[in-house]
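Biologist: Please show the model under discussion, so that its domains, ligand sites and cores can be examined in turn.

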Amino acid sequence: MKNEFPCDKCGLCCKNLNKSELYSDLHDGSGICRYFDDETNLCRIYDHRPLKCNILASYDFFKDKYSLDEYIRLNVKECKKLKGEL
Ligand code: SF4
Ligand code: SF4
């Protein structure tokens, strides 16, 4: 398995949690995660972040459905959507 996801740390996924019910426990309705540090643009609990925030570690749940390359491609597509590139 590749050990890196091509993340540029834009922080947009952590600021748009209201796009998915899965992350409703991490924000108060604003869509911005309670653990997001807007000074550093990083996660304050990165080493202990929930599994659902760890794209590569979550692949286990999708491995019967997608190849790893396809799974990464689909996730990169979601990043691009958040950036307004698609
Ligand atoms: S939206 Fe994608 S590129 Fe931006 S921080 Fe999240 S995972 Fe990384
Ligand atoms: S816990 Fe960290 S990685 Fe997960 S959404 Fe919040 S800030 Fe982002």
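The exchange below takes up domains, ligands, cores and cysteines.

Modeller: This is a predicted model, in which local features need pLDDT of at least 70, side-chain atom pairs count only at pLDDT 80 or more, and totals for chains, interfaces and linings use all residues. Residues are numbered from 1 along each chain as written, chains are lettered from A and ligands numbered from 1 in written order, and side-chain values use heavy atoms, without hydrogens and water.

Biologist: How far apart do the C-alpha centres of domain 1 and domain 2 lie?

Modeller: The domain bounds come from an automatic or database domain assignment. That assignment gives domain 1 (10–49) and domain 2 (55–86). Their C-alpha centres are separated by 18 Å.

Biologist: Where does ligand 1 lie with respect to domain 1 and domain 2?

Modeller: The shell around ligand 1 includes Cys 10, Gly 11, Cys 79 and Leu 82, a residue being near if one of its heavy atoms lies within 4 Å. Because domain 1 (10–49) and domain 2 (55–86) both give residues to this shell, ligand 1 lies between them.

Biologist: How many nonpolar residues does the shell around ligand 2 have?

Modeller: Ligand 2 is surrounded by residues including Cys 14, Tyr 35, Ile 45 and Pro 50. Ala, Val, Leu, Ile, Met, Phe, Trp, Tyr, Cys and Pro count as nonpolar, Asp, Glu, Lys and Arg as charged, and the others, Gly among them, as polar. The shell has no polar and no charged residues, and its nonpolar residues number nine.

Biologist: How many residues make up the largest nonpolar core?

Modeller: A nonpolar core joins buried Ala, Val, Leu, Ile, Met, Phe, Trp, Tyr and Cys residues through side-chain atoms within 4.5 Å, buried meaning under 20% relative accessible area, exposed over 50% and partly exposed in between (1.4 Å probe, protein chains only). Among the members of the largest core are Phe 5, Leu 56 and Tyr 71, and its residues number six.

Biologist: How many disulfides does the structure hold?

Modeller: A disulfide is a pair of cysteine sulfur atoms within 2.5 Å. By that criterion, the number of disulfides in the structure is zero.
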